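Work through the exercises below with the sequence and the coordinates open. Each task is followed by a solution in steps.

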Amino acid sequence: MINKYANLIPYLYFIVVIAYLFTDANQREGVLAYPILLFGIPFLWQLIKPNKRLNFALGIIFVCLSSYLILAYLSDVFDIVSFNSKAKQFMLIGGAFVLSNFIMSLWIVRNSLNKGFY
């Protein structure tokens with residue numbers, strides 16, 4: 001039973017991240033935070049009615065975005081670009097976020113290449 005639902009973990013992860021970003025932005029920005037919820041629609045759609053093409057597109061897009069996040073994180077770790085002290089405090093949590101995004105994106109790509117997913 002766990003193996004059956006294990007393929008859904010990346011989609012649930014991204015939905016939770018989007019919900020967190022929405023609630024955080026909603027407290028500060030108000031109504032302007034609602035477009036963030038639009039990013040959750042493809043992941044919710046994959047849970048309801050899986051589509052192999054959408055799955056592959058989501059995987060590739062988020063692998064690219066996660067790779068960019070890794071480069072940004074490494075540039076801060078090696079002090080290539082200097083940030084203020086408040087941004088440096090966020091680096092530990094940001095590192096875990098960047099790594100988990102990359103792993104979940106690769107998991108989505110693996111799910112789309114796996115023929116037994118559907």
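**Exercise 1: the whole chain**

Buried residues, those under 20% relative accessible area (over 50% is exposed, in between partly exposed; 1.4 Å probe, protein chains only), make up 30% of the 118 residues in the protein. The model is predicted, so local features need pLDDT of at least 70 and side-chain atom pairs count only at pLDDT 80 or more, while totals for chains, interfaces and linings use all residues. Residues are numbered from 1 along each chain as its sequence is written, and side-chain values use heavy atoms, with hydrogens and water left out.

Task: state the helix and strand counts, the order of elements, the share of long-separation contacts and the accessible surface of the protein.

Solution.
- Step 1. There are 6 helices and 0 strands in the protein; these are DSSP runs (H or I, at least four residues, for helices; E, at least two, for strands), numbered from the N terminus.
- Step 2. Read from the N terminus, the order is α-α-α-α-α-α.
- Step 3. Take the contacts (heavy atoms within 4.5 Å) with a separation of 6 or more: 70% of them are between residues 24 or more positions apart.
- Step 4. The accessible surface is about 8,400 Å², and carbon and sulfur atoms hold 73% of that area, by the Shrake-Rupley method with a 1.4 Å probe, where for residues only the protein chains shown count as cover.

**Exercise 2: packing of α3**

Task: describe how α3 packs against α4 and how α2 packs against α3.

Solution.
- Step 1. The axes of α3 (residues 41-48) and α4 (residues 52-77) come within 10 Å and cross at roughly 140 degrees. Axes are lines fitted to C-alpha atoms, for helices over the stretch in contact, with angles from 0 to 180 degrees between N-to-C directions.
- Step 2. This crossing therefore makes α3 oblique to α4, since angles under 35 degrees count as roughly parallel, over 145 as roughly antiparallel, 65 to 115 as roughly perpendicular and the rest as oblique.
- Step 3. The crossing of α3 past α4 is left-handed, meaning the near helix is turned anticlockwise from the far one by less than a right angle (clockwise would be right-handed).
- Step 4. Pro42, Phe43, Trp45 and Gln46 of α3 make the contact with Leu54, Asn55, Leu58 and Phe62 of α4.
- Step 5. By class, this contact of α3 with α4 holds 6 nonpolar, 2 polar and no charged residues; Ala, Val, Leu, Ile, Met, Phe, Trp, Tyr, Cys and Pro count as nonpolar, Asp, Glu, Lys and Arg as charged, and the others, Gly among them, as polar.
- Step 6. For α2 (residues 9-29) and α3, the angle is about 145 degrees and the axes are 9 Å apart; α2 also passes α3 in a left-handed crossing.
- Step 7. On the α2 side are Tyr11, Leu12, Phe14, Ile15 and Ile18, which meet Phe43, Leu44, Gln46 and Leu47 in α3. The contact of α2 with α3 divides into 8 nonpolar, 1 polar and no charged residues.

**Exercise 3: two residues of α6**

Task: is Ser105 buried or exposed, and which residues does Ser105 touch?

Solution.
- Step 1. Ser105 sits in α6 (residues 91-113) and counts as buried because its relative accessibility is 0%.
- Step 2. Not counting residues up to four places away in sequence, Ser105 touches Phe14, Gly59, Phe62, Val63 and Ser66.
- Step 3. Asn101 is also found in α6 and is buried, with a relative accessible area of 6%.
- Step 4. With the same sequence exclusion of up to four places, Asn101 touches Tyr13, Phe14, Ser66 and Leu69.
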